[in-house]
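User: I am new to this model and would like a close look at one part of it. Could you pick a helix pair, show me how the two helices meet, and then follow them outwards to the strands around them?

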Amino acid sequence: MEPSTPSPEKILQTGLAFWASKTLLSAVEMEIFTVLAKHPEDLHAISSRMGLHPRGARDFLDALVALGFLQRDEKGIYANTPDTEVFLDKRKPSYVGGILEMANSRLYPFWGALTTALRTGEQQNEAKAGEDMFAKLYADPAKLKEFLSAMSGVSRGANIAIGQKFLWSDYRSFVDAGTAQGDLAVQIALANPHLQGIGFDLPEVAPIFENYVVSNGVADRVSFVGGSFFENPLPKADVVLFGHILHDWNLEQKRHLLSMAYDALPEGGAVVVYDAIIDDNRSENAFGLLMSLNMLVETEGGFDYTGADCQGWMADAGFRDTRVEHLVGPDSMVIGIK
Ligand SMILES: C[S@@+](CC[C@H](N)C(=O)[O-])C[C@H]1O[C@@H](n2cnc3c(N)ncnc32)[C@H](O)[C@@H]1O
């Protein structure tokens, strides 16, 4: 293969990628896509509705056009693109903007301290070193709600894939440990009418979970159990799932969670762990590696891991027949059988 000519293009694009990122995040913050889903509007109408100063308004909207998030017709009317119409209109169940709202209000400022995190190994969010991020976050009801719905947005694609791809016909019940709003439990129940499920999470999560299962029409088969997976046993079920849970915790805690799953399962039961699993060579899944840096910024000891890492921890906990299966985008699941 010819050696490629060195180019600064990717360096500059990545170095300044936060311009595009923050432009999209501000548009989500101002709910531009939700407003334009109701009725497309011109520059003047959007500016007065959003309180935009004329100096930046036109560049802001046209930047969103150039980035592919808005379209503008010959009369100067701005409208959503097919993607933003489906995924960034807050009134649609397909809305994925929760994670972007949280990225805007929390992660964007916290990532400004990445260098400090890299030098100290300490988290850089609202929790001080040594404090549990969830306890801190959940003390503020608005942040609790924002965090839980952010999780549904970022996880829905993988949740739907798990509901469809896993061999659910072999099982009758499941517990989703660290369920948040309950989107994984909902998607599994919607795709598999024979299953009964439990969402397990800290007690503060109960009302938000219960609303969500009712609004998705599965409250007769999916219920909530409150508790801490560091203090209470997991409810017994045929399948235990951990969605974006293992990466929040240090190695000892990860091993503890897998042993809790083992105790909750019958012989032949399955544990399903999913995260942005890093490729075994740690050189391809950039999102998984960046997610691990996000865990550095956000948690006391959390980190993301490869499929081989997770299979090793599962084997140590007593699971057999472990395997890794790709879900969607950067996410894969690791399965182990008791
Ligand atoms: C990163 S979120 C993942 C949410 C969801 N499973 C998903 O994939 O979208 C972590 C979840 O773990 C829950 N959690 C944190 N500490 C917990 C504990 N000690 N016991 C049970 N759940 C806990 C949080 O409340 C939160 O819902």
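Analyst: Let's start with helix α4, which passes helix α5 in a right-handed crossing (left-handed if the near helix is turned anticlockwise from the far one by less than a right angle, right-handed if clockwise). Please keep in mind that this is a predicted model: local features need pLDDT of at least 70, side-chain atom pairs count only at pLDDT 80 or more, and totals for chains, interfaces and linings use all residues. To find your way, count residues from 1 along each chain as its sequence is written. Helices (H or I, at least four residues) and strands (E, at least two) are DSSP runs, numbered from the N terminus.

Helix α4 covers residues 43-50 and helix α5 residues 54-66; they pack at an angle of about 120 degrees, and their axes are 10 Å apart. Axes here are lines fitted to C-alpha atoms, for helices over the stretch in contact, with angles running from 0 to 180 degrees between N-to-C directions. That angle makes α4 oblique to α5, since angles under 35 degrees count as roughly parallel, over 145 as roughly antiparallel, 65 to 115 as roughly perpendicular and the rest as oblique.

Which residues make the contact between α4 and α5? From α4 come L43, I46 and S47, and from α5 come P54, A57, R58 and L61 (in contact if their C-beta atoms, placed from the backbone, lie within 7 Å). By class, this contact has five nonpolar residues, one polar and one charged. Ala, Val, Leu, Ile, Met, Phe, Trp, Tyr, Cys and Pro count as nonpolar, Asp, Glu, Lys and Arg as charged, and the others, Gly among them, as polar.

Now to the strands. Three of them form an open, antiparallel sheet in the order β1-β3-β2; two strands pair if DSSP finds at least two bridges between them. The edges are β1 (41-42) and β2 (70-72), and each has a single partner strand, so one side of each is left without a neighbour in the sheet. Strand β3 (residues 77-80) runs antiparallel to β2, and three bridges join them. For one such pairing, find Q71, whose bridge partner in β3 is A79. Helix α5 comes back here: α5 packs on this sheet, touching β2 and β3, and its direction makes about 105 degrees with that of β2.

For comparison, have a look at the other sheet. Seven strands form this open sheet in the order β6-β5-β4-β7-β8-β10-β9, with mixed pairing. At its edges stand β6 (222-226) and β9 (320-326), each with a single partner strand, so one side of each has no neighbour in the sheet. Neighbouring strands of this seven-strand sheet are turned by 20 degrees against each other on average, direction ignored.

At the β9 edge, β9 pairs with strand β10 (residues 332-337) in the antiparallel sense over five bridges. R320 stands opposite I337 in β10, and H326 has S332 of β10 as its bridge partner. The hairpin of β9 and β10 has five residues between the strands, and G329 there takes a positive phi near 50 degrees.

Methods. Two residues are in contact if their C-beta atoms, placed from the backbone, lie within 7 Å.
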